[in-house]
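Reader: I am in my first year and still learning to read structures, so could you take me slowly through one kind of place, the loops and what lies beside them? I would like a close look that stays with particular residues and says plainly where each one sits.

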Protein chains: 2
Amino acid sequence: MTKTKLRIFSYQPNPRIFKSTITARICNIPIEVRGAKPKELKNWLWDFDAHPMSKDDLKDQKEYIQKAKAGYQGELYKTEAFLSAHPYGTVPAAFSPDGKIGVFESNSIMRAVARLDKSNSGLYGHDPYSASRIDGFLDTTLLFARESQIYLLALMADKLNEKVYYDTERALTNWLSGIESALTNNNFICSDALTLADICFCCELLLLQSEHQWIEAITEIGEKLLSSKAIEDRFPRSLNHYEKLSARTDFSPDIKDHRAKIKSGQKIYD
Amino acid sequence: MTKTKLRIFSYQPNPRIFKSTITARICNIPIEVRGAKPKELKNWLWDFDAHPMSKDDLKDQKEYIQKAKAGYQGELYKTEAFLSAHPYGTVPAAFSPDGKIGVFESNSIMRAVARLDKSNSGLYGHDPYSASRIDGFLDTTLLFARESQIYLLALMADKLNEKVYYDTERALTNWLSGIESALTNNNFICSDALTLADICFCCELLLLQSEHQWIEAITEIGEKLLSSKAIEDRFPRSLNHYEKLSARTDFSPDIKDHRAKIKSGQKIYD
């Protein structure tokens, strides 16, 4: 059996985890992803050895109870070892194979996979400058991702309002303006080859498309889907790049079915 | 003459640049920082060869005029090469020594300096997992930094309101809760040795202390300095860590005078 090089615990499906699974596929790195739908994670033990608990298990784990934060309600069962490896207590939560080193934030989990690459894929650049330029794009994407998280949680909780919508639109416009400008000069975001910047871009745009599930709430405030509106109008290169990336054989195993499901309006977490 | 390994163009002084200058000092990497006070940058050519322009120069550079974005007003002079290297058009803006590769976002500029390190400092970890754990802390710090940027720009523009204050406080509390938890187990944020996570933490907290310059506006909404309030109350380990880092001989050349100046209430950009 091939030894897993990284274990990730997360709610699923999660386009932010696709950043890592796509990278792992390209670099041929064996990784393991554990998890379940968001509401089922309430009955999981949050640990390196994360697993669903029986009713008896749940009674025994009282000392682990933590108040849930953003995106969850009620109580969660997080071990001390989990919180030591993951001081923010969040998922996705990745671990080194011995469970000792915790890696958090989906961009950085993806970075871990890329750093394990011995195939010279160039996904994380070829020198200190190109690697750090890729990180710059990951950083600006993270700033957008923060806003889109607020937007999607508002939709999920049936609490969308105009302010949240327009804040997210502004963040999307700012993010894509840089991507669009970068794609004027190159075939890929960071250079003329595929890098983590492209993988991150594709998965964050896919995540934003989750908004399809709540199109009625968006129509109610007199607006359209952000992912269609902003891109089709002003960012043709970004849209074209997204389509090209999504269709790649190393992306589509993660992207294709998920995208079809959300575009059909199907609720993915029910 | 020692050859510069990275050139950074920025308004100055800028605690976010201290991330790079501290890293460069520890690793003994020669870097160059160019720039001036924010309002003077309006008369600079924004380029790899950034420099202040004379009145005649300004007339000749009309084709470079760009509408200023966040933090600036009026017009800025950005060359095509600048915008190609920096698709978001922002400062701080770093360049490889040949000017061809642009690196943006202060955390990623710091990463570039650390990647140039050949001294085995361990500042960026020792393996794929520890390096990516450091990146996770840089990412959570970036999410706070985005909020503190909004807060400081509001103070600077005399537009502080309660919403901005409390949003920033919430982000600060979330950020420091993870730092505080991490410092329960280790002497430094990421492990038992100094890493980029500590340098980034220290410089972002220093930047937040810039609020001292506008203490009247903060008092006017019935509040206290965020940097004092949140830390002293609930985050004693974080405060202690900040003090210890600031006093280090490899940090203090950047930190000491700047901190004294802002704590005295002196306006640093006038």
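Author: A:Pro92 lies in the loop of chain A that runs between α3 (80-85) and β7 (93-95), and in this model, which is predicted, a cis peptide bond joins A:Val91 to A:Pro92, with omega at about 0°. Another cis bond of chain A links A:Gln12 with A:Pro13, where omega is about -10°, and A:Pro13 likewise belongs to a loop, the one between β1 (6-9) and α1 (15-27). To see why such places deserve a second glance, keep in mind that most peptide bonds are trans, and that most residues other than glycine have a negative phi.

The second half of that rule leads to two further residues. A:Asn28 is not a glycine, yet it has a positive phi of about 60°; its place is in the loop between α1 and β2 (31-34) of chain A. B:Glu105, also not a glycine, has a positive phi of about 75°, and it is found in chain B, in the loop between β8 (102-104) and α4. Are these two residues buried or exposed? With a relative accessible area of 69%, A:Asn28 passes the cut-off of over 50% and is therefore exposed, whereas B:Glu105, at 19%, falls under the 20% limit and so counts as buried.

In chain B, the loop between α3 (80-85) and β7 (93-95) holds B:Pro87. B:Pro87 has 9% relative accessibility and therefore counts as buried. What does B:Pro87 touch, once residues up to four places away in sequence are set aside? Its contacts are A:Arg133, A:Phe137, A:Gly178, A:Ser181 and A:Ala182 in chain A, together with B:Phe104 in chain B. B:Ile31, in contrast, is 56 residues away along the chain, and its C-alpha atom is separated from that of B:Pro87 by 22 Å.

One more loop of chain A, between β2 and β3 (44-46), contains A:Gly35. Beyond its neighbours within four places in sequence, A:Gly35 is in contact with A:Phe9, A:Ser10, A:Gln12, A:Leu41 and A:Trp44, and A:Gln12 is the residue that you met above, joined to A:Pro13 by a cis bond. A:Gly35 and A:Gly222 are 187 residues apart in sequence, and from C-alpha to C-alpha they are 36 Å apart in space.

From the loops we can turn to a helix, α4 of chain A, which covers residues 106-115. Of its 10 residues, 9 are buried, so the helix is largely enclosed by the rest of the structure; among the buried ones are A:Asn107, A:Ile109, A:Met110, A:Arg111 and A:Val113. A:Ala112 also lies in this helix, and because its relative accessibility is 0%, it counts as buried. Neighbours within four places aside, A:Ala112 is in contact with A:Leu6 in chain A and with B:Pro128 and B:Ser132 in chain B, while A:Tyr242, 130 residues away along the chain, has its C-alpha atom 24 Å from that of A:Ala112.

The second largest pocket involves both chains, since α5 (128-156) of chain A and α4 (106-115) of chain B each supply at least two residues of its lining. The lining comprises 19 residues, and those nearest the centre of the pocket are A:Arg115, B:Ala114, B:Arg115, B:Tyr124 and B:Ala131. By class, 7 of the lining residues are nonpolar, 7 polar and 5 charged, around a space of about 400 Å³.

Finally, it helps to place these details within chain A as a whole, which has 11 helices and 8 strands. Its radius of gyration is 19 Å, close to the 18 Å that the globule rule gives for 270 residues, so chain A is as compact as a globular protein of that length. Buried residues make up 57% of the chain, and among contacts between residues at least 6 apart in sequence, 69% join residues at least 24 apart.

Note on methods
Residues numbered from 1 in each chain as written. Chains lettered and ligands numbered in written order. Predicted model: local features only at pLDDT ≥ 70, side-chain atom pairs only at ≥ 80, totals over all residues. Heavy atoms only, no water. Buried < 20%, exposed > 50% of the residue type's maximum accessible area, 1.4 Å probe, protein only. Helix = DSSP H or I, 4+ residues; strand = E, 2+ residues; numbered from the N terminus. 1 Å grid on protein atoms, 1.4 Å probe; cavity = no way out; pocket = protein on both sides within 12 Å on 5 of 7 lines; lining within 4 Å. Points joined across faces, edges and corners; volume = space filled by probe spheres on them. Nonpolar A, V, L, I, M, F, W, Y, C, P; charged D, E, K, R; others polar. Rg over C-alpha atoms; globule rule 2.2 N^0.38 Å. Contact = heavy atoms within 4.5 Å.
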